[in-house]
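Reader: I have a structure to look at and would like to learn how its helices pack. Could you show it first?

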Amino acid sequence: MNTPPSPPAAERTDGSSVRIGALVPLSRPGWVEAGQHLLAGLELAVREVNDAGGIVGRPLELAVRDTAADPQRAAAAVDELARLGVAALAGEYHSVVARAAAARADALGLPFLCSSAVLDALTEQPTEWVARLAPAQSHGWRIYADFLLGAGHRRIAVAVEPSVYWASGARILRDYLAPRGGTVIELDMRELVPMAVCDELVANRATALLLLVGHPEPAVSIVKSVRRDQRLAEVMIGAPAGQPEFAEWATLLGDDSAAIPFLRYLPECLSPLGARVEMALRERLGEAPSFVAFEGYDTVAVLADVLRARGADRARTAESWPRVAVEGTRGQIQFSRTPGISVWQWAWTPVQVVDRDPARPDRFRILHTG
């Protein structure tokens with residue numbers, strides 16, 4: 001492995017804290033609720049690590065930076081955190097932001113365990129410095145496509161905004177569905193208002209509409225328009241990227257928030273560890289934790305295990321990815337080289353397709369597992 005020189009602060013022997021840089025979207029246009037859940041998981045795990053004696057007697061500390069869904073801001077934060085001497089980076093929810101952070105981490109020789117971003121091409125070239133907990137987009141979205149086919153959908157419209165992430169999702173769906181008799185109709189949301197989306201769904205005889213757009217807008221307005229159009233009473237709305245996961249979705253849409261299937265990365269039944277962490281996260285958040293909170297917890301659990309075993313040396317941490325074997329909240333975490341994925345990948349966390357129950361929108365129904 002080509003190892004850039006570590007700054008003097010990267011390895012400390014004076015008994016001070018071991019620092020992990022945490023990249024989290026905590027302000028708009030970032031998905032703030034996702035960032036809050038991610039940070040809650042990170043912070044809970046850090047507290048538990050320190051309650052158990054820290055990293056060989058040294059306290060573990062988070063240096064949190066708000067990325068605000070801005071790739072340039074994230075890259076600058078990586079530079080700053082590297083200068084501060086963090087042992088590793090953790091976090092990030094938005095795929096395009098995580099990609100910018102991963103590129104800088106790779107260039108600087110700074111280990112980065114990405115918690116929640118799914119874009120397959122997280123780095124342009126294979127790297128030893130970056131590992132990921134979330135399943136790759138191609139894996140999860142193919143499972144979602146299987147769900148669509150199983151539910152009888154063959155003419156599927158996708159409302160798409162310009163983004164590497166959304167374009168990648170549309171391509172995955174199209175490539176997977178076409179050989180299986182499915183048709184994907186792309187609706188460019190740069191040109192259409194929500195009411196016009198309804199007309200396009202009728203004209204194209206679509207039976208499903210997938211929201212490949214930002215939250216809360218235009219996703220919320222599209223849902224309201226479709227739900228109120230009597231011509232579209234039988235059209236299923238879906239959101240593979242997970243917009244309905246968070247409480248804000250139900251608050252903004254009320255009854256319209258239900259029956260919109262999305263991807264969630266949780267097992268059908270939590271392990272004893274997962275159940276204990278779920279209770280602690282619920283207390284910390286004041287609401288049911290999303291899968292993103294579990295991703296945050298698992299990220300620190302993995303990094304703490306590596307740091308205890310290998311010390312706070314960056315190169316030794318990066319060399320440890322293939323030797324990781326940590327019991328996480330959602331299963332045994334191990335990293336491998338996966339075809340088409342440029343980073344060390346946990347293959348795979350459990351994947352579910354779920355929706356909010358129309359009878360009780362605060363409760364989720366599992367519709368499909370992969």
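The questions below deal with helix packing, then with some unusual backbone positions.

Reader: What kind of model is this, and how are its residues numbered?

Author: This is a predicted model, in which local features need pLDDT of at least 70, side-chain atom pairs count only at pLDDT 80 or more, and totals for chains, interfaces and linings use all residues. Side-chain values use heavy atoms, leaving out hydrogens and water, and residues are numbered along each chain as its sequence is written, from 1.

Reader: How are helices α6 and α7 oriented to each other?

Author: Helices (H or I, at least four residues) and strands (E, at least two) are DSSP runs, numbered from the N terminus. Axes are lines fitted to C-alpha atoms, for helices over the stretch in contact, and angles run from 0 to 180 degrees between N-to-C directions. Helix α6 (residues 194-203) packs against helix α7 (residues 219-227) at about 50°, the axes being 8 Å apart. Angles under 35 degrees count as roughly parallel, over 145 as roughly antiparallel, 65 to 115 as roughly perpendicular and the rest as oblique, so the word for α6 and α7 is oblique.

Reader: How many residues of each class make the contact of α6 with α7?

Author: Contact means heavy atoms within 4.5 Å. On the α6 side, P194, M195, C198 and L201 take part, and they meet S221, I222, S225 and V226 of α7. Ala, Val, Leu, Ile, Met, Phe, Trp, Tyr, Cys and Pro count as nonpolar, Asp, Glu, Lys and Arg as charged, and the others, Gly among them, as polar. Sorted this way, the contact of α6 with α7 has no charged residues, two polar and six nonpolar.

Reader: How wide an arc do the buried residues of α6 cover?

Author: Buried means under 20% relative accessible area, exposed over 50%, and partly exposed in between (1.4 Å probe, protein chains only). In α6 the buried residues are V197, C198 and L201. They lie on the same side of α6 because the arc they cover around the axis (taken from the directions from the helix axis to the C-beta atoms) is only 105°.

Reader: Which exposed residues does the opposite face of α6 carry?

Author: The buried residues of α6 are covered by elements that include β6 (155-160), β7 (183-188), β8 (208-212) and α7. On the face turned away from the buried side of α6, the exposed residues are M195 and A203.

Reader: What is the handedness of the crossing of α1 and α9?

Author: Helix α1 (residues 32-51) and helix α9 (residues 272-285) have axes 10 Å apart, at an angle of about 120°. A crossing is left-handed if the near helix is turned anticlockwise from the far one by less than a right angle, and right-handed if clockwise. The crossing of α1 and α9 is right-handed.

Reader: How many charged residues are in the contact of α1 with α9?

Author: The α1 side of this contact includes E43, R47 and E48, and the α9 side includes R276 and R284. By class, the contact has six nonpolar and three polar residues, and the number of charged ones is five.

Reader: How many nonpolar residues are in the contact of α1 with α10?

Author: The axes of α1 and helix α10 (residues 291-310) cross at roughly 35° and come within 7 Å. Among the contact residues are G41 and A45 of α1, with G296 and V300 of α10. Two charged and four polar residues are counted there, and the number of nonpolar ones is 13.

Reader: Is A68 buried or exposed?

Author: A68 is not a glycine, yet its phi is positive, about 55°. A68 sits in the loop between β2 (60-66) and α2 (71-84). Its relative accessibility is 5%, so A68 is buried.

Reader: What is the relative accessible area of R205?

Author: R205 lies in the loop between α6 and β8. Phi of R205 is near 55°, a positive value in a residue other than glycine. R205 is exposed, and its relative accessible area is 57%.

Reader: What is omega for the cis peptide bond between A347 and W348?

Author: Another cis peptide bond joins E217 and P218, with omega about 5°, and P218 is in the loop between β8 and α7. W348 is in the loop between β14 (344-346) and β15 (352-357). For the bond joining A347 and W348, omega is about 0°.
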